[in-house]
Amino acid sequence: MAVEKVTMPQLGESVTEGTISSWLVQVGDTVNKYDPIAEVMTDKVNAEVPSSFTGTIKELVAQEGDTIEVGGLICYMETEGGSSEDSGEQPSTTTEKEESTTSNEQSDEDQPMKKRYSPAVLKLAQENDIDLNQVTGSGKGGRITRKDLEKVIDSGEIPQAQEVPKAESAQTEQPAASAQQAPKTAPSSQPAASAQPGDVEIPVSGVRKAIAQNMVKSKTEIPHAWMTVEVDVTNLVKFRDSKKNEFKQKEGYSLTYFAFFVKAVAQALKEYPQLNSMWAGDKIIQKKDINLSIAVASDDQLFVPVIKHADDKSVKGIAKDVVELATKARDGKLTNDDMQGGTFTVNNTGSFGSVQSMGVINHPQAAILQVESIVKRPVYIDGMFAPRDMVNLCLSLDHRVLDGLICGNFLQRVKEILENMSEENTSIY
């Protein structure tokens with residue numbers, strides 16, 4: 001028998017960590033290689049972690065709610081083959097040895113991960129008033145795990161922040177407060193919100209926290225600029241409405257306006273590939289494939305699955321992909337492959353009745369297009385007012401990669417394509 005380590009897999013090209021939402025196995029269970037053993041949430045996808053081996057679960061190192069970095073240990077498995085000498089001691093013994101080594105030999109300087117706390121650790125520390133600086137971590141690089149805190153709580157000896165004597169000078173007090181206290185109090189300039197009687201406190205889930213972190217990263221790193229064009233889609237509306245019932249009966253799913261917008265964007269990106277680019281520090285990477293990310297909301301979660309090679313697909317093919325990806329997102333069945341490779345994002349904000357909005361760019365892409373609601377308005381044409389179906393297209397752009405001229409030309413091309421979509425010159429198939 002050999003004891004093997006099972007680690008957090010890479011669940012996306014830019015994913016660095018995942019949160020264990022639920023274990024699908026228990027200690028003592030026998031599993032085959034590739035069997036799902038846990039459900040994991042990331043900022044991009046809810047996924048099942050497959051077993052790397054065939055064997056028996058020996059120890060679940062990560063707890064439900066723990067956030068583990070890619071490559072981090074989540075459990076031990078006992079497998080056939082190898083020798084017990086090669087595999088070392090049992091997981092529990094190994095853990096005890098690591099803890100002993102950590103407590104006796106490592107200093108804070110040797111523990112680069114010590115002050116990187118998972119949400120579960122922070123919550124447990126705050127609930128039990130534990131000073132994290134006085135806890136020795138058994139995780140990689142000295143990182144404090146949830147099991148470390150549970151041991152502290154079980155021991156009954158709760159380490160609390162040491163008070164600085166009042167006789168000391170203000171110069172001594174200030175560094176002690178800022179450097180030594182656990183991160184549980186917001187800076188005085190930005191007081192933390194506190195619940196009042198009657199308020200409802202809603203815990204922040206792993207996915208919501210990941211979304212928040214990505215939005216902050218996008219707005220902090222990317223200099224956003226934006227522009228809007230107004231498009232007359234009267235002919236497109238007539239064309240789609242004349243075909244939607246026949247299409248639904250024949251194909252089994254709806255022919256939406258959004259499929260036509262995605263088709264127009266994919267065509268325009270072939271002519272203006274600069275918008276199909278990404279910022280890479282000292283260079284700009286212009287992507288060959290046109291893979292369009294589409295935003296799909298489900299309760300308090302936001303997913304951005306990808307339509308691969310959208311420029312090679314018909315309106316029907318795009319409509320099918322949109323329906324399938326949206327259904328998988330709402331059913332929690334999106335896969336890694338569904339989420340990877342996006343080069344430009346198209347967001348159907350019109351489904352909420354929005355008429356104008358500014359999207360936050362899907363990092364590391366260079367732009368996002370908001371397709372707003374189609375609204376019938378009086379428009380002055382050929383010396384008279386006439387009712388027309390109008391829609392706003394709002395483009396947010398990364399000003400490091402793109403400038404107003406190229407983006408303006410791109411939007412004008414999308415506008416031209418959409419305004420010329422009609423039964424006479426547009427094919428659905």
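**Two open sheets, a helix crossing and a pocket**

Let me begin with one pair of strands: strand 4, which covers residues 36-41, and strand 5 run antiparallel to each other and are held as a pair by five bridges. When I speak of a pair, I mean that DSSP finds at least two bridges between the two strands, and the elements themselves are DSSP runs numbered from the N terminus, with helices being H or I of at least four residues and strands being E of at least two.

Before going on, I should say that this is a predicted model, in which local features need pLDDT of at least 70 and side-chain atom pairs count only at pLDDT 80 or more, while totals for chains, interfaces and linings use all residues. Residues are numbered from 1 along each chain as its sequence is written, and side-chain values use heavy atoms, with hydrogens and water left out.

Within that pair, A38 lies opposite V49 of strand 5, and M41 has N46 of strand 5 as its bridge partner. On to strand 2, residues 17-23, which pairs with strand 4 in the antiparallel sense over four bridges; here S22 has its bridge partner in strand 4, namely E39.

What is the order of the strands in this open sheet of four? The order is 5-4-2-7, with antiparallel pairing, and the edges are formed by strand 5 (46-50) and strand 7 (67-69), each of which pairs on one side only. On average, neighbouring strands of this sheet are turned by 45° against each other, direction ignored, where axes are lines fitted to C-alpha atoms (for helices, over the stretch in contact) and angles run from 0 to 180 degrees between N-to-C directions.

A second open sheet of four strands, also with antiparallel pairing, has the order 1-8-6-3. Strand 1 (2-7) and strand 3 (30-31) are its edges, each with a single partner strand, so one side of each has no neighbour in the sheet. Strand 3 and strand 6 (residues 55-60) run antiparallel and are joined by two bridges, and T30 is found opposite T56 of strand 6.

Let me turn to the helices. Two packed helices are described by the angle between their axes and the distance between the axes. Helix 8, residues 257-271, packs against helix 9 at an angle of about 115°, with the axes 9 Å apart. Their contact (heavy atoms within 4.5 Å) involves F258, A259, F260, V262 and K263 from helix 8, and V315, I318, A319 and V322 from helix 9.

Helix 9 brings us to the second largest pocket, which has a volume of about 980 Å³. A pocket, on a 1 Å grid over the protein atoms alone, is an open set of points where a 1.4 Å probe fits, with protein on both sides within 12 Å along at least five of seven lines, and lining residues have an atom within 4 Å of a point; points are joined across faces, edges and corners, and the volume is the space filled by probe spheres set on them. This pocket is lined by 45 residues, of which I294, A295, V296, F303 and V304 are the closest to its centre. Which helix gives the most to the lining? Helix 9 does, with five residues.

Two local points remain. H363 and P364 are joined by a cis peptide bond, with omega about 10°, and P364 lies in the loop between strand 16 and strand 17 (367-371). H309, a residue other than glycine, has a positive phi near 50°.
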